[in-house]
Amino acid sequence: MSIDSRQRTLGGGVLDYLKRMQAENPSFFYAIQCDGEQSNGNVFWADSTFRMNYNYFGDTVRLDTSYRAHHYRVPLVSITGINHHGQPVLFGCGLLHYESESAYVWLLQNWLHAMSGNYPVSITTEPDHHIQMAVAQVLPQTCHRFCKWSIFRETQEKLSQTHPTFDKELGKCIHETGTVDEFESCWQALVERYSLIDDEWVQSIYNARHQWVPVYLQETFFGELYTTLPVDMFFDGYVNASTSIQSLVKQYEDAVTNWHAMELKADFETTSTMPLLKTPSPMEKQVANLYTRRAFIKFQEELVETLANPATKIEDNGTVTTYRVAKFGEDQKAHVVRFNPFEMKASCSCHMFEFSGIICRHALSVFRAKNVLTLPSQYILKRWTRDAKREEYVPELPSSSQDSLAVCYSNLRQEAMKFVEEGAKSIHIYNIALDALQVAAKKVAASKKQCSHGVVLNGGIRETDLDKGSQKTPYKSRAEKEKKIRELSAELDNTNERCEVYRANLLAVLRDMEEQKLKLSVKVQNARLSLKE
């Protein structure tokens, strides 16, 4: 779809939303790249939640420009990461009405500025030349990977008519080779079998193999727990080809609200229930109490596989012992693990820990052989633990500088997030927390009434002193007051809806727990009856 056929204006709804959010929250950031008219241009925005999440999970990011492949009317671009539950988490959003290298440079520069200049370890994008040049310019320290699923999709589109089974064979070549030599050999055999050695597209993706084929990227962190499955996209199911610029704000807010609710539900499941242990290993119990449920399940899969992947010592130089680890009957797929008992360090040739942050079955097999009963601390990444978003926090003291209101906001938000996390752990605690918030809200409202007219803004400037020194009151007429009341009422309704979503999710988890409890009770009773018989 051409740029001209897309909706090229910001639209009153989006621009009003950005202005309103910045007015309500001094930490909200947005920028507009204009083409000479204020209503036309590229847009980027990020709020304090994005920055907070980036602080926890900003090691790997994804620039999602899939609107182009799916021909969306709204050119929505998102920058996302992966949280401790393996869910997508938002770091920034934009609307790119004008696509060029300079547009992507502008977008990434504003995003990096909003994230306080902290570079991610890695970034995944579409295989686009403009994006590639922009990433090289703005994020030179970051490992840039092309999305392999986009390459698979485009390969299927280009070759499905003439070579209908090539894409499946390509998938096997990509996912079932563990070394560079294995991949190169497999690739050569594949293109020869399909007579595609001179095909322009096939040659182009081979030339770019260092930026998308897993064996070339396995020593860099990308945070993917399952490499053979596409990652969830933040706006899938919320924004599609029929979404208009007018309805974007609602769809955007729905996505943000629902993903946050899903994170709360995963938090609750992790903290309120104990996963089923499959081995008598103390290490399994240790990790079950540290990791989120999603990360633990991946670790558990690796631990269980050690039973079928014995470690055989092949060399010992006194400091480092080298092991060969292979699954029974698959010696040709062996991996090499180098173990240093003095540092409790195990380095595996599969590089799974470096790539995903979860230790592999091969290293665990060596730990098992050496009777290492607990997982060494260097193999427990905080980003996969249930405490990933918890940190010792010393509130800043607001000063008379222009950042004073932003500091106040940041301090309050940090404390409120701790309160929310604790309050969501059970229905009982939730009800107590909700009552406490309502009491606090009443006290804040009463305090505001006692304050003088006008709100103190950055550096002590009053709202009544703004607008070139004029002494305008916040609301000049009854109509403006009524408009503000309607806006606040709508915001209150929206907040109540979100509370109901959280409450429903918590109740659903509790119902599941009760059902499991009932099933276990029935099994225990049946077992007792069978013993009596």
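Leaving out its neighbours within four places in sequence, leucine 76 is in contact with Trp45, Asp64, Tyr67, Cys93, Gly94, Leu95, Phe235, Val239 and Leu248. The model in which these contacts are found is a predicted one, and leucine 76 is a good place to enter it. The largest nonpolar core has 57 residues, and Leu76 is listed with Trp45, Leu95, Trp111 and Phe235 as those with the most contacts inside this core. Helix 3, which covers residues 101-114, gives the most to this core, with nine residues. Apart from this core lies another one, of 30 residues, among them Phe299, Val325, Val337 and Cys348.

From leucine 76 the reader can move on to serine 78, which is found in strand 4, the strand of residues 76-82. Is serine 78 buried or exposed? At 2% relative accessibility, serine 78 counts as buried, because buried means under 20% relative accessible area. Residues up to four places away in sequence not being counted, serine 78 touches Arg62, Leu63, Asp64, Leu90, Gly92, Cys93 and Phe235.

The next step concerns charged side chains. Side chains of opposite charge can pair when their charged atoms come close. In this model the count comes to 16 salt bridges, and a few of them can be followed in detail. In one of them, glutamate 24 pairs with arginine 20, with the closest N and O atoms 3.8 Å apart. The two residues, glutamate 24 and arginine 20, are four residues apart in helix 1 (residues 11-24), so they are separated by about one helical turn. Glutamate 24 counts as partly exposed at 37% relative accessibility, and arginine 20 likewise counts as partly exposed, at 34%.

Another salt bridge joins glutamate 302 to lysine 298, and here the closest N and O atoms are 3.5 Å apart. Glutamate 302 and lysine 298 both lie in helix 11, where four residues, about one turn of the helix, set them apart. Where the pair in helix 1 is partly exposed, glutamate 302 counts as buried at 2% relative accessibility, and lysine 298 also counts as buried, at 10%.

Which residue forms a salt bridge with arginine 361? The partner is glutamate 305, and the closest N and O atoms of this pair are 3.6 Å apart. Because arginine 361 lies in helix 13 and glutamate 305 in helix 11, the pair ties together parts that are 56 residues apart in sequence. Arginine 361 counts as partly exposed at 23% relative accessibility, and glutamate 305 is partly exposed with a relative accessible area of 23%. Lys298, Glu302, Glu305 and Arg361 are linked in a network of salt bridges.

Helices 11 and 13 also lead to the last part of this walk, the second largest pocket, since both give two or more residues to its lining. Rolling a probe the size of a water molecule over the atoms shows where empty space is left. About 1,300 Å³ of space lies in the second largest pocket. Of the 45 residues that line this pocket, the closest to its centre are His175, Gly178, His335, Cys350 and His362. Besides helix 11 (293-305) and helix 13 (361-369), the elements that give two or more residues to the lining are strand 7 (143-146), helix 5 (148-159), helix 6 (166-175) and helix 12 (352-356). By class, the lining of the second largest pocket has 17 nonpolar, 15 polar and 13 charged residues.

Notes. Residues are numbered from 1 along each chain as its sequence is written. This is a predicted model: local features need pLDDT of at least 70, side-chain atom pairs count only at pLDDT 80 or more; totals for chains, interfaces and linings use all residues. Side-chain values use heavy atoms; hydrogens and water are left out. On a 1 Å grid over the protein atoms alone, a cavity is a set of points where a 1.4 Å probe fits but cannot get out, and a pocket is an open set with protein on both sides within 12 Å along at least five of seven lines; lining residues have an atom within 4 Å of a point. Grid points are joined across faces, edges and corners, and a volume is the space filled by probe spheres set on the points. Ala, Val, Leu, Ile, Met, Phe, Trp, Tyr, Cys and Pro count as nonpolar, Asp, Glu, Lys and Arg as charged, and the others, Gly among them, as polar. A salt bridge is a side-chain nitrogen of Lys or Arg within 4 Å of a carboxyl oxygen of Asp or Glu. Buried means under 20% relative accessible area, exposed over 50%, partly exposed in between (1.4 Å probe, protein chains only). Contact means heavy atoms within 4.5 Å. A nonpolar core is a set of buried Ala, Val, Leu, Ile, Met, Phe, Trp, Tyr and Cys residues joined through side-chain atoms within 4.5 Å.
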